[in-house]
Amino acid sequence: ISNAIKFTNKGSIKVNCKSLTPFNNKQIIVIEVIDTGIGMEKNFVSKLFSKFSQEDKSVARQYGGTGLGMSISKQLIEMMGGNIDIESEKKVGTTVKIFVPLQIGTPADLPEKKSTIINSRALENIEVLLVEDNEINRLVATEVLYHYGATVTEVENGKLATEIIQRQSFDVILMDVQMPVMDGLEATQLIRSEIDKTIPIIALTANALKGESNICYEAGMNDYIAKPFDEEDLIATILKYVQHKIAAIAEAAKLKPKPLYDLSSILKISRGNKDFVVKMLYMFIEKMPAQIAELKYLYQQNELDALSKLAHQMKPSIDNMGIESLKPVIRDIEKAGKENIHTSLLFDMITTTETVTTQVIELIKAEYQL
């Protein structure tokens with residue numbers, strides 16, 4: 001395709017793909033690339049797959065390249081048991097046909113998609129330094145990290161990263177490998193030799209090859225994530241290196257337990273109107289048990305889309321009542337329903353919501369004599 005684009009100044013480029021009639025549990029995939037480009041003389045087509053071949057020196061000068069790509073393509077196709085055919089006419093165009101035999105698969109051969117549910121506040125209180133020169137990549141990464149509760153500081157190159165970590169502490173660094181001024185490998189080596197030997201550094205690399213990962217490790221990085229990254233992979237990788245801080249925060253929270261609910265938001269909205277507060281409490285007491293019963297029913301019926309929508313409706317009630325422990329839970333229920341994840345973990349979250357709201361309702365009734 002890249003050759004067709006390179007050698008076609010006007011006209012069209014077509015890509016066709018079809019499967020021939022299966023035979024002996026095999027199918028032959030045929031791919032055609034048809035262009036109306038400069039074409040080739042008949043006698044040159046036979047030499048096309050020789051290494052470093054170009055029809056004449058003017059072609060190399062005008063279009064660049066060495067002709068090595070065709071030789072590599074032929075080897076790859078033949079390694080798959082297939083073959084490649086070329087038809088071309090000077091000043092008319094070129095047609096490349098690729099034939100590849102493939103075993104016919106079944107649904108059982110498809111890889112099973114492993115779905116996991118990660119707490120939407122999993123990175124709360126985690127300080128992340130994002131080192132990335134591409135603005136769009138930074139935007140995507142920060143949006144994901146913010147969703148999971150992280151605090152993100154952005155810099156555009158390795159030099160700025162080495163400067164900021166001397167003034168500010170971070171729990172983890174996400175380091176792009178290729179950047180101007182100072183790349184990620186050089187920055188990591190400097191950090192390890194002169195600034196911090198222990199801070200986790202995770203590479204963001206567009207080349208997820210074994211050799212590339214080895215280079216990252218040799219520079220002093222702890223791990224790497226291929227771009228474009230998968231959201232769950234990114235969060236799971238970060239979590240591997242910040243568990244000690246998360247555990248410390250959780251331990252501290254045990255020593256200072258938070259109240260089950262907090263009406264400060266409703267009290268602020270009410271502006272001293274006690275009737276409004278009581279009305280809000282009555283609505284919560286009456287609606288919540290019925291909504292939870294409906295959540296359980298929808299789970300049992302596997303109606304996950306409706307379950308997700310109901311969880312979305314329940315979020316404002318839980319937020320307004322200041323039930324901090326359920327804020328991430330109800331959002332995870334909504335997400336699991338939206339992504340069609342029907343697991344026992346989803347039911348456990350619904351049960352947790354029921355248990356906590358029952359306790360909150362009992363406390364409200366006792367405190368406000370309702």
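**A colleague's note on this predicted model**

1. Let us start with helix α14, which covers residues 344-368. At 1.5 Å a residue, its 25 residues should span 36 Å, and the end C-alpha atoms are indeed 36 Å apart, so expectation and model agree. Please keep in mind throughout that this is a predicted model.

2. Which residues of α14 are buried? They are Leu346, Met349, Ile350, Thr353, Val356, Thr357, Val360, Ile361 and Ile364. These buried residues pack against three other helices: α11 (274-300), α12 (304-320) and α13 (327-338). Just after α14 comes Gln369, whose phi is positive, at about 50°.

3. Thr353 is a good residue to click on if you want to see this packing for yourself. Thr353 lies in helix α14, and with a relative accessibility of 1% it counts as buried. Which residues does Thr353 touch, leaving aside its neighbours within four places in sequence? The contacts are Ile292, Leu326, Val329 and Ile333.

4. Helix α5 (residues 135-147) invites the same kind of length check. Its 13 residues, at 1.5 Å each, should span 18 Å, and the end C-alpha atoms are 18 Å apart, which agrees. The buried residues of α5 are Arg138, Ala141, Thr142, Val144 and Leu145. Around the axis they cover an arc of only 165°, so they sit on the same side of α5. The face turned away from that buried side carries the exposed residues Glu135, Ile136, Leu139 and Glu143.

5. Now to an open sheet of four strands. In what order do the strands stand? The order is β1-β2-β4-β3, and the pairing is antiparallel. The edges are held by β1 (13-19) and β3 (83-89); each has a single partner strand, so one side of each is left without a neighbour in the sheet. On average, and with direction ignored, neighbouring strands of this sheet are turned by 15° against each other. Helix α4 (residues 68-79) packs on the sheet, where it touches β3 and β4, and its direction makes about 145° with that of β3.

6. Within this sheet, strand β2 (residues 26-35) and strand β4 (residues 93-103) run antiparallel and are joined by 10 bridges. To find your place in this pair, look for Ile29, which stands opposite Val100 in β4.

7. The edge strand β3 deserves its own look. As general background, the side chains of a regular strand alternate between the two faces of the sheet. In β3, the covered face has Ile84, Ile86 and Ser88, while Asn83, Asp85, Glu87 and Glu89 make up the uncovered one. Seven bridges join β3 to β4, and the two strands run antiparallel. Ile86, from the covered face, stands opposite Val96 in β4. The two strands form a hairpin with three residues between them, and Lys91 in the turn has a positive phi of about 65°.

8. Strand β7 (residues 172-176) offers another picture, with five of its five residues buried. Both faces are covered: Val172, Leu174 and Asp176 lie on one side, and Ile173 and Met175 on the other. Which way do β7 and its partners run, parallel or antiparallel? Strand β5 (residues 127-131) runs parallel to β7 and is joined to it by four bridges; here Val128 stands opposite Val172. Strand β8 (residues 201-205) also runs parallel to β7, again with four bridges, and Asp176 of β7 stands opposite Leu204 in β8.

9. A few words on Ala226, which is placed in strand β9 (residues 223-226). With 30% relative accessibility, Ala226 counts as partly exposed. Ala226 and Ala203 are 23 residues apart along the chain, and their C-alpha atoms are separated by 8.3 Å.

10. Finally, the cysteines. A disulfide is a covalent bond between the sulfur atoms of two cysteines. How many disulfides does the model have when the sulfur atoms must lie within 2.5 Å? The count comes to zero. Are Cys17 and Cys216 buried or exposed? Cys17 counts as exposed, at 58% relative accessibility, whereas Cys216 is buried, with a relative accessible area of 0%.

How values were computed. Residues numbered from 1 in each chain as written. Predicted model: local features only at pLDDT ≥ 70, side-chain atom pairs only at ≥ 80, totals over all residues. Heavy atoms only, no water. Pairing = 2+ DSSP bridges. Axes fitted to C-alpha atoms, helices over the stretch in contact; angles between N-to-C directions. Contact = heavy atoms within 4.5 Å. Disulfide = S-S within 2.5 Å. Buried < 20%, exposed > 50% of the residue type's maximum accessible area, 1.4 Å probe, protein only. Expected span 1.5 Å × (residues − 1). Arc of directions from axis to C-beta.
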